[in-house]
Amino acid sequence: MIATDLLREEHRVILRALDMLDRAVARAASGGAVADAWWTGLVAWLRTFADLNHHAKEEAALFPAMVKAGVPSEGGPIAVMLEEHEEGRRLVRAIASETGDGRVHACRTYVALLRAHIDKENEIVFPLAESVLDLTAVQGLRREFEAVEAEQGSAATIAGAEAELGRLEAALEIGR
């Protein structure tokens, strides 16, 4: 699996989390209960898998490799992706700290941001990376990605992330 394929696979898992977040928001917006512990668990998952794992791979490895290969770091897709990562972090902080309508709004904004962000990465950034990175760079990315996962443990793997999402989905269903 090449580096961008792993990132696309991680996007698939993140999209699953966004679908679940949509369900929780719909319940909360209609007056239904979603346990505080569920919100805490989801925020922890977003911070761990989506940010400390996935975004870290992009920010510390993929984007610098693309810049080294000649893609501008300012005024182009890399700058946009980095700005959106920061906006996502701001929204996750809001999801963690807000309640009621404030949390619902932060969640809806986050879901819309991340869905559009993932589309841009899958359709623009990753194909660009694949066109400019040579074999040596791609192999280096894979090693760097493996180091991130080794440092963070099972929570940074697809299997670990999906297992935690399964627990969160079950908890959301129980909370109906």
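**View 1. The largest pocket of the predicted model draws on H2 and H5**. H2 and helix H5 (135-152) each contribute at least two residues to the lining of the largest pocket. The volume of this pocket is about 200 Å³. Its lining comprises 14 residues, and those closest to the centre are Ala-65, Lys-68, Leu-133, Ala-137 and Glu-144. Sorted by class, the lining holds nine nonpolar residues, two polar and three charged.

**View 2. Helix H6 and its buried side**. H6 covers residues 158-174, 17 in number. From first C-alpha to last, H6 reaches 24 Å, close to the 24 Å expected at 1.5 Å a residue. Ile-158, Gly-160, Ala-161, Leu-165, Leu-168 and Leu-172 are its buried residues. They lie on the same side of H6 because their arc around the axis is only 165 degrees. Their packing partners are helix H1 (3-29) and helix H2 (36-68). The face of H6 turned away from the buried side bears the exposed residues Ala-159, Arg-167 and Ile-174.

**View 3. Helix H1 and the glycine that follows**. H1 has 27 residues, so at 1.5 Å a residue it should span 39 Å. Its end C-alpha atoms are 38 Å apart, which agrees. After H1 comes Gly-31. The phi of Gly-31 is positive, near 95 degrees.

**View 4. Ala-3 in helix H1**. Ala-3 has a relative accessibility of 2% and counts as buried, because the cut-off for buried is under 20%. Setting aside neighbours within four places in sequence, Ala-3 is in contact with Leu-141 and Phe-145. Arg-143 is 140 residues from Ala-3 along the chain. In space, the C-alpha atoms of Ala-3 and Arg-143 are separated by 9.2 Å.

**View 5. Ala-129 in helix H4**. Helix H4 runs over residues 100-132 and includes Ala-129. Is Ala-129 buried or exposed? Ala-129 is buried, at a relative accessible area of 1%. Neighbours within four places in sequence aside, its contacts are Thr-4, Leu-62 and Met-66. His-11 is 118 residues from Ala-129 in sequence. Measuring C-alpha to C-alpha, Ala-129 and His-11 are 16 Å apart in space.

Key: Residues are numbered from 1 along each chain as its sequence is written. This is a predicted model: local features need pLDDT of at least 70, side-chain atom pairs count only at pLDDT 80 or more; totals for chains, interfaces and linings use all residues. Side-chain values use heavy atoms; hydrogens and water are left out. Helices (H or I, at least four residues) and strands (E, at least two) are DSSP runs, numbered from the N terminus. The expected span of a helix is 1.5 Å times one less than its number of residues. Buried means under 20% relative accessible area, exposed over 50%, partly exposed in between (1.4 Å probe, protein chains only). The arc is that of the directions from the helix axis to the C-beta atoms. Contact means heavy atoms within 4.5 Å. On a 1 Å grid over the protein atoms alone, a cavity is a set of points where a 1.4 Å probe fits but cannot get out, and a pocket is an open set with protein on both sides within 12 Å along at least five of seven lines; lining residues have an atom within 4 Å of a point. Grid points are joined across faces, edges and corners, and a volume is the space filled by probe spheres set on the points. Ala, Val, Leu, Ile, Met, Phe, Trp, Tyr, Cys and Pro count as nonpolar, Asp, Glu, Lys and Arg as charged, and the others, Gly among them, as polar.
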